[in-house]
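Hi there,

Here is the structure I promised to pass on to you. Have a look at it first, and then read my notes below.

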Amino acid sequence: MTDSPYEHHAYDVLIIGAGGAGLRAAIEAQQRGLKVGIITKSLLGKAHTVMAEGGIAAAMGNISEEDNWMVHFRDTMRGGKYLNNNRMAELHAKESPDRVWELEQWGALFDRTKDGKILQRDFGGHRYARLAHVGDRTGLELIRTLQQKVVSMGTDVFMECKVLKLVHDDGGRIAGCVAYWRATGEFVTFEAKTVIIATGGVGKSWKFTSNSWEGTGDGHAMALWAGAKLIDMECIQFHPTGMVWPLSVRGLLVTEGVRGDGGVLLNSEGKRFMFNYVPEMFRAETADTEEEGDKWYDDHSAGRRPAELLPRDEVARAINTEVKAGRGSPHGGVYLDIASRRTPEYIRRRLPSMYHQFMELAGVDITKEPMEIGPTCHYIMGGVQVVADTAATSVPGLFAAGEAAGGLHGANRLGGNSLSDLVVFGRRAGKGAAEYIEAGDVATSFNMEEAEAAVKEALDPFDRDEGENPYTIQHDLQEMMQELVGIIRNGPELEEAKGKLDVFAERVKNIAVKGGRAYNPGWNLATDLPSMLTVSRSTALAASLRKESRGGHTREDYPNPDPEFAKFNFAISNEGGNWDSPISAAESPLLPMPDELKALLEEAY
Amino acid sequence: MADVTMRIWRGDATGGDFENYTIAQNEGEVVLDVIHRIQATEAPDLACRWNCKAGKCGSCSAEINGKPRLMCMTRMDQLPEGPVTVTPMKAFPIIRDLVTDVSFNFEMAKRVPALLPPPMPEGGYRMFQQDVERGQEFRKCIECFLCQDVCHVIRDHEENKANYAGPRFFIRYAELEMHPLDTNDRRELLKEEMGLGYCNITKCCTEVCPEHIHITDNAIIPLKERVVDADYDPVAWLGRKIRRRTKKTAAEASVQPAP
């Protein structure tokens, strides 16, 4: 084992992140006989996966027998505006039912149909009722199930341990990472034959977000610094329904399940405005009138789906337009009304945590009054570029899965496709790592100098007596990203954002931290800021280059999709290996689509 | 709005004391908002644990005015006028300020015998809503460990921890014991090693549960009955097993062909 000046551990497979993807990867690798370690910034079971509400998409066909992987594939590609990695979309659609059934074998208790099968619910962009769920707390069920499985297998979990940087061997392969314990501030090195990035998203760089403090893009950033590429970083999902009032909960998620279960969006004039915003691409499958849409809830053959269930990017943009046109609610959102459409008993049974959340945090009884909602930064479609089948990045030994990986969702993710993404590609990453190890060409050394440099950089803020408060920098960054790289973008503002990000980089180099190293949140934030800046810069750069509007990337100066831009992803790379080294973007052609998949997309509705 | 005074315990395992912070507050805020404002301004090193700020992850447990609560779900405007006291959970060792070492719970989790279901039939298991609902109530648990914190068996008796699972894990055991597919039997373990008998059903755990799980009535009391039944009256136990929709009959149902 490597001689390290710090506490040191060695693993075959080291997983960074203990959400759904990380835990599923751990199970797979350990079942293949490998020594597995999981590192998480928080306690086990607290990852952002718990916030997923509506369900996990899998074409099991329990409600609609017509459903199958081919329809799910098509829905995913259309929802992603064809920017997706088609092989990922294929694997995801094919494998998600098995991953759901497997969760049940490990103890998950999904809601049931009358004949005892797993109940599935309707969601935006999914042609059939496809989301297996547990009320509106499906993410909690998923993480708890995987967590309990991991615990029963005896996997090593390093909790409240923050990874600073990946470490290579002399041949450029991944050899592990360097981290510190939050509780003590002591450093620790991990050498590993493979590292799986499963660190989730980046939403904390925006002011109004559904993401927790953890969503700082650590995995995105570390992979980029280590030599991997990031794709689709301009594609950010603003979930249409976040809470807007009180301010303290602004951005908190309101599940799409409210609309799936009959809730409608109303403007200040009381009009169901979504019917005015049906794009051509979805017209054939969307109801023409409110009456037709309402029939669909009871009987999917009696009408087409209501316009409220368009994909999230369409709904978020429509809400934004209504508010700008002066038809918003008092606190700058619109109304989401289920009270006038379903009985209080139904609402409390189907949406218990939404009931709870509004009652306790906003003093609103959703069985009696409409909710005030507006778009919130929720999810990044972009992420580390990987090979679909193995989750391997371009750096030998480095893998990525879940929200940290890019490709599956293209320019826009359908609700419910995230939880299934975690388990399908978490498993594939574990398998990919195992196969890489089996092939034998693994790291032969551990570059301690890389680790030492990261440690020194992490400690620098303690040596500055005068310097900036990391909280102030984070606050200013969030304000700036919300204003200039938000839901609707334009060229001059993106250029302005890029300039401002350079200034932020200088500010980050001047952070001063007060207090000691033991459980010091100010210091912890100081070590998160380089990641936040890296992902913010990647998003601003890719957004400035994509001169069109597509999915989760909307340009007011280029309001339409441009077929030329549908041929490639922007792939970001970093020259220099550090957070403040320059980044650049190149066009990375989309994976050619096999004819049999093309045929699925061309099928008429 | 008027400023508020927060009395926050600061220190570590070696000791500590209260510090007062007088700070602005806004309409609709929760305790965690005010703690965050203190961090961002006066005390960047004030340690507290949090993640989702939505009552879903169970990270920000503390004692507010002496009562175990989630800081993210406690609205400032619902606390009495005057200073607000925030202290770390008492049942666990202090790491720093409001952060405690909750590893006891993760150790207890390791001792739970896992679900043991029959092989899955083609097309998935069949289970019925009324059978999964009992377990679903317990699976709402967000592992905030407030029930563990308030439980007097361990709150004031560190020595009991080695042999006492606590309310959080009693609902976990109850969930598994009531699981329609489970074939494991954990009753002996509950009695001999998990200290089920120590609980004298004062319902403190139920009172503090932010998920409103009926920990005592729906989990602990039925578990106690099962353990007692197994010990003293096998015939009555068997009778009840058959009359109720038990996990065994449901497991059999699960392998029947689809209707």
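Please keep in mind that this is a predicted model. I'll begin with the domains of chain A: domain 1 covers 239–377 and domain 2 covers 458–567. Over C-alpha atoms, the centres of domain 1 of chain A and domain 2 of chain A are 30 Å apart. Where they touch, domain 1 of chain A gives 5 residues and domain 2 of chain A also gives 5 residues. On the domain 1 side, helix α9 (residues 312–324) of chain A supplies the largest share, with 4 residues. Sorted by class, that side of domain 1 of chain A has 2 nonpolar, 1 polar and 2 charged residues.

Next, a sheet you may like to find in chain A. It is an open sheet of 4 strands in the order β15-β10-β17-β18, paired antiparallel. Which strands stand at the edges? They are β15 and β18 (583–589) of chain A; each has a single partner strand, so one side of each is left without a neighbour in the sheet. Strand β10 (residues 230–231) of chain A runs antiparallel to β15(A), and 2 bridges join them. In one of these strands, β15(A), V384(A) is the bridge partner of L230(A). Helix α16 (residues 521–545) of chain A packs on this sheet, where it touches β10, β17 (568–574) and β18 of chain A. The direction of α16 makes about 55° with that of β18(A).

The helix α16 of chain A turns up again when you look at α13 of chain A, since the buried residues of α13(A) pack against β7 (161–168), β8 (174–181), β9 (187–197) and α16 of chain A. Those buried residues are E450(A), A451(A), A454(A), A458(A) and P461(A). Helix α13 (residues 448–463) of chain A has 16 residues and reaches 23 Å from its first C-alpha to its last, close to the 22 Å expected at 1.5 Å a residue.

Some backbone details are worth a click in the viewer. W245(A) and P246(A) are joined by a cis peptide bond, with omega about -5°. You will find P246(A) in the loop between β11 (236–243) and α6 (257–260) of chain A.

A391(A) has a positive phi of about 65°, although it is not a glycine. This residue is found in the loop between β15 (383–384) and β16 (398–400) of chain A. Is A391(A) buried or exposed? A391(A) is buried, because 30 other C-beta atoms lie within 10 Å, and the cut-off for buried is 20 or more.

Chain B has a case to look at too: D97(B) is not a glycine, yet its phi is positive, at about 50°. D97(B) lies in the loop between β6 (94–96) and β7 (99–100) of chain B. With 28 C-beta neighbours inside 10 Å, D97(B) counts as buried.

Lastly, the contact between the chains. How many residues does each chain bring to it? Chain B brings 47 residues and chain A brings 46 residues. On the chain B side, the elements that give two or more residues are α1 (31–40), β6, α2 (103–110) and α3 (129–139) of chain B. The largest share of that side comes from α3(B), with 5 residues. By class, the side of chain B that touches chain A has 24 nonpolar, 10 polar and 13 charged residues.

Happy browsing, and best wishes!

Conventions: Residues are numbered from 1 along each chain as its sequence is written. Chains are lettered from A and ligands numbered from 1 in the order in which they are written. This is a predicted model: local features need pLDDT of at least 70, side-chain atom pairs count only at pLDDT 80 or more; totals for chains, interfaces and linings use all residues. Domain bounds come from an automatic or database domain assignment. Two residues are in contact if their C-beta atoms, placed from the backbone, lie within 7 Å. Ala, Val, Leu, Ile, Met, Phe, Trp, Tyr, Cys and Pro count as nonpolar, Asp, Glu, Lys and Arg as charged, and the others, Gly among them, as polar. A residue is buried if 20 or more other C-beta atoms lie within 10 Å of its own, exposed if 12 or fewer, and partly exposed in between; C-beta atoms are placed from the backbone. Two strands pair if DSSP finds at least two bridges between them. Axes are lines fitted to C-alpha atoms, for helices over the stretch in contact, and angles run from 0 to 180 degrees between N-to-C directions. The expected span of a helix is 1.5 Å times one less than its number of residues.
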